[in-house]
Amino acid sequence: MTMDIIAKSAGELHVLLADKEISATELTKAYLGRIQKLENKVQAFVTVTEDVALAQAAEVDVKIARGEKIGLLEGIPMALKDNMCTNGVRTTCSSKMLENFVPPYDATVAERLRQAGAVLLGKLNMDEFAMGSSNENSRFFPTRNPWDLERVPGGSSGGAVASVAADEAVFALGSDTGGSIRQPAAFCGVVGMKPTYGTVSRYGLIAFASSLDQVGPITKDVRDNAMVMNIIAGHDAKDSTSVPYDKPDYTQFLVNDIKGLKIGVPREYFAKGMDPATAKVIEEAIETLKDLGAEIEECSMPHTEYAMPAYYLIAPAECSSNLARYDGVRYGYRATEAEDILGMFKKTRAEGFGTEVKRRIMLGTYALSSGYYDAYYLKAQKVRTLIKQDFDQAFEKYDVLLSPTAPTPAFKLGEKSADPLTMYLSDVCTVPVNLAGIPAISLPAGFVNGLPVGLQLMGKHFDEGTLYRVAYTFEQNTGFHKVKPNLTAEVSA
Amino acid sequence: MVKILNISRGDVEQVALLARLELTEQEIVLYTGQLDSILEYAEVLNRLDTENVVPTAHAVPLHNVLRDDQVKPSLAQEKVLANAPEVEDGFFRVPKIV
């Protein structure tokens with residue numbers, strides 16, 4: 001029975017809870033047990049909140065016993081990437097800088113999930129301060145890909161996707177600045193949505209790049225993803241970059257029909273460096289969508305190759321500004337051997353931050369400094385306009401755009417960590433989306449040598465609905481999401 | 001068009017000071033090389049004529065999002081100080097400044 005429960009989606013579990021076939025406490029215990037069994041292999045969690053989880057589950061059981069109706073996410077065990085503040089629960093960004101930081105408030109997304117009755121299993125490992133594409137930049141330990149423990153889960157939401165792929169959580173929240181939900185979702189065979197910029201509150205999300213960051217759901221299937229979006233999305237007065245918009249019920253778009261829908265496939269996303277086997281999986285997915293009635297054709301987005309260099313100037317620039325607050329004064333790590341304040345700042349930041357974080361702070365500081373601001377940062381922001389215009393023009397003709405999520409399947413631990421540029425190139429298909437602020441989803445599209453491959457769908461601003469419709473149709477007609485990694489064979493009972 | 005110069009060791013030391021980062025000798029050498037490569041890669045942006053292009057600072061059109069100036073309670077002092085490395089009399093205590 002436990003194995004069945006573990007594999008189920010939130011949608012399926014809600015029915016079991018509402019029908020009293022399983023209690024919230026039993027469900028939470030099953031997931032906590034799974035975490036205990038697998039964590040020495042997967043290492044997705046930084047903090048497991050067992051007591052909090054059981055207390056929350058007990059509250060849901062009281063409600064059910066009283067005969068009250070429960071919400072769709074009520075009693076559903078989930079986990080949060082460790083860059084989302086949780087009141088009273090350690091939040092580290094997988095950094096030494098915040099190793100012992102306990103936030104005195106909840107991020108809005110955490111609060112909304114809590115109010116919806118979801119059960120918090122714990123906080124998930126990530127690349128430090130969300131900077132990375134493999135989860136190898138965590139200051140604590142690397143998370144492993146449940147499909148092949150010698151490989152990376154992707155990053156920076158590596159712990160979040162690994163936990164869902166390994167059924168250690170029913171769903172998770174990740175964050176995406178240049179692909180950090182979508183790329184790991186592709187590597188681990190789960191569904192990951194980066195919503196339109198401004199749809200989901202960033203209040204309490206520890207900032208990396210303020211004009212690019214978005215929180216989004218990571219789930220076992222498309223329905224769950226829409227269910228979670230319903231809870232976390234929507235204007236928040238505490239986030240001045242949050243947009244007041246007419247929030248729909250996203251589950252209404254879960255319709256198995258894409259006849260006549262126009263899909264563009266930008267040829268520049270099948271760039272050199274793309275693994276041919278991965279390209280083949282995507283081409284087969286395109287054929288499937290054609291068979292399902294979509295009108296698909298190749299198109300061009302001429303500024304695509306400029307997105308990466310623009311991103312690697314804009315994101316580090318914004319990061320250098322956001323991470324200036326970590327100075328050892330009010331919270332977080334403080335170096336102990338300093339004689340004066342300047343020494344304290346310099347040592348605290350040198351010791352508190354890891355290599356990639358320091359590299360990006362340096363790059364960003366340089367790009368913004370006097371004499372270089374115009375040549376680098378301002379130039380990149382102008383190129384950003386051109387990239388956004390490419391999307392605006394494409395969406396005059398097409399309803400959604402399609403591409404691979406990543407140029408290869410998951411690579412081995414250590415394979416790309418020697419050269420930062422090589423690592424950055426794994427984001428080539430995802431970064432343009434953040435620059436334009438549009439929504440995009442990655443969903444399982446097949447396998448290469450047993451490793452998942454993700455299909456990316458990109459949509460117009462605020463048109464997550466069409467993305468969900470295409471994703472749901474594809475999923476229901478292929479069933480890749482039902483294939484699970486063979487973890488228990490590698491884990492001793 | 002502005003000519004982009006790649007980064008030198010002196011630049012790296014200056015930037016480290018601005019960013020309040022103490023770097024080891026090894027790190028200075030490493031970062032100089034790596035940042036130089038990244039900036040070299042970014043030179044490709046110069047192929048584009050952006051003379052008449054307006055920069056995008058924000059992906060969605062929002063301007064001056066303000067609220068009415070109403071006084072509301074803020075975070076309690078004990079909570080503010082709870083994560084502090086060193087506290088004295090309700091102050092954050094730090095090494096000498098002057």
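**Warm-up**

Searching the whole structure turns up 25 salt bridges over all chains. A salt bridge here is a side-chain nitrogen of Lys or Arg within 4 Å of a carboxyl oxygen of Asp or Glu.

Before you start, some ground rules. This is a predicted model, so local features need pLDDT of at least 70, side-chain atom pairs count only at pLDDT 80 or more, and totals for chains, interfaces and linings use all residues. Residues are numbered from 1 along each chain as its sequence is written, chains are lettered from A and ligands numbered from 1 in the order in which they are written, and side-chain values use heavy atoms, with hydrogens and water left out.

The model scores ipTM 0.91 and pTM 0.96. Chain B has a mean pLDDT of 88, with 95% of its residues at 70 or more; pLDDT is the predictor's confidence in each residue, from 0 to 100.

**Exercise 1: Salt bridges, pair by pair**

Task: Find the salt-bridge partner of A:R114 and say how far apart the closest N and O atoms are.

Solution:
- Step 1. The partner is A:D106, and the closest N and O atoms are 3.0 Å apart.
- Step 2. Now check accessibility: buried means under 20% relative accessible area, exposed over 50%, and partly exposed in between (1.4 Å probe, protein chains only).
- Step 3. A:R114 has 42% relative accessibility, so A:R114 is partly exposed. A:D106, at 14%, is buried.

Task: Work out where B:E27 and A:K358 sit, and what their salt bridge joins.

Solution:
- Step 1. Their side chains meet in a salt bridge of 3.1 Å, N to O.
- Step 2. B:E27 belongs to helix 2 (residues 25-42) of chain B and A:K358 to helix 12 (residues 355-368) of chain A, so this pair joins two chains. Helices (H or I, at least four residues) and strands (E, at least two) are DSSP runs, numbered from the N terminus.
- Step 3. B:E27 and A:K358 are both buried.

Task: Explain how B:E13 and B:R9 are placed along their helix.

Solution:
- Step 1. The two side chains form a salt bridge of 3.4 Å, N to O.
- Step 2. They are four residues apart in helix 1 (residues 9-18) of chain B, so about one helical turn separates them.
- Step 3. An α-helix has 3.6 residues a turn, so residues three or four places apart point the same way.
- Step 4. B:E13 is partly exposed at 39%, and B:R9 is partly exposed at 35%.

One extra to look up: A:R334, B:E86, B:E88 and B:R93 are linked in a salt-bridge network.

**Exercise 2: Two helices that cross**

Task: Describe how helix 9 and helix 16 of chain A pack.

Solution:
- Step 1. Helix 9 (residues 276-291) and helix 16 (residues 464-478) of chain A pack at an angle of about 100°, with axes 11 Å apart.
- Step 2. That makes helix 9 of chain A roughly perpendicular to helix 16 of chain A. The label covers angles of 65 to 115 degrees.
- Step 3. A:A285, A:T288 and A:L289 in helix 9 meet A:V470, A:F474 and A:T478 in helix 16 of chain A. Contact means heavy atoms within 4.5 Å.
- Step 4. By class, this contact of helix 9 with helix 16 of chain A has four nonpolar, two polar and no charged residues. Ala, Val, Leu, Ile, Met, Phe, Trp, Tyr, Cys and Pro count as nonpolar, Asp, Glu, Lys and Arg as charged, and the others, Gly among them, as polar.

**Exercise 3: Backbone oddities**

Task: Locate the cis peptide bond joined to A:S156, then look at phi for B:R20 and B:D89.

Solution:
- Step 1. Start with the background: most residues other than glycine have a negative phi, and most peptide bonds are trans.
- Step 2. The cis bond joins A:G155 and A:S156, with omega about 10°. A:S156 is in the loop between strand 3 (119-124) and helix 6 (158-165) of chain A.
- Step 3. B:R20 has a positive phi near 55°. B:R20 lies in the loop between helix 1 and helix 2 of chain B and is partly exposed at 32%.
- Step 4. B:D89 has a positive phi near 50°. B:D89 is in the loop between strand 1 (87-88) and strand 2 (91-92) of chain B and is exposed at 71%.

**Exercise 4: A residue in a strand**

Task: Decide whether A:M78 is buried or exposed, and list what A:M78 touches.

Solution:
- Step 1. A:M78 is in strand 2 (residues 77-81) of chain A.
- Step 2. With 3% relative accessibility, A:M78 is buried.
- Step 3. Leaving aside neighbours within four places in sequence, A:M78 contacts A:L113, A:A118, A:V119, A:L120, A:L121, A:G122, A:A169 and A:F171.

Terms used:
Axes are lines fitted to C-alpha atoms, for helices over the stretch in contact, and angles run from 0 to 180 degrees between N-to-C directions. Angles under 35 degrees count as roughly parallel, over 145 as roughly antiparallel, 65 to 115 as roughly perpendicular and the rest as oblique.
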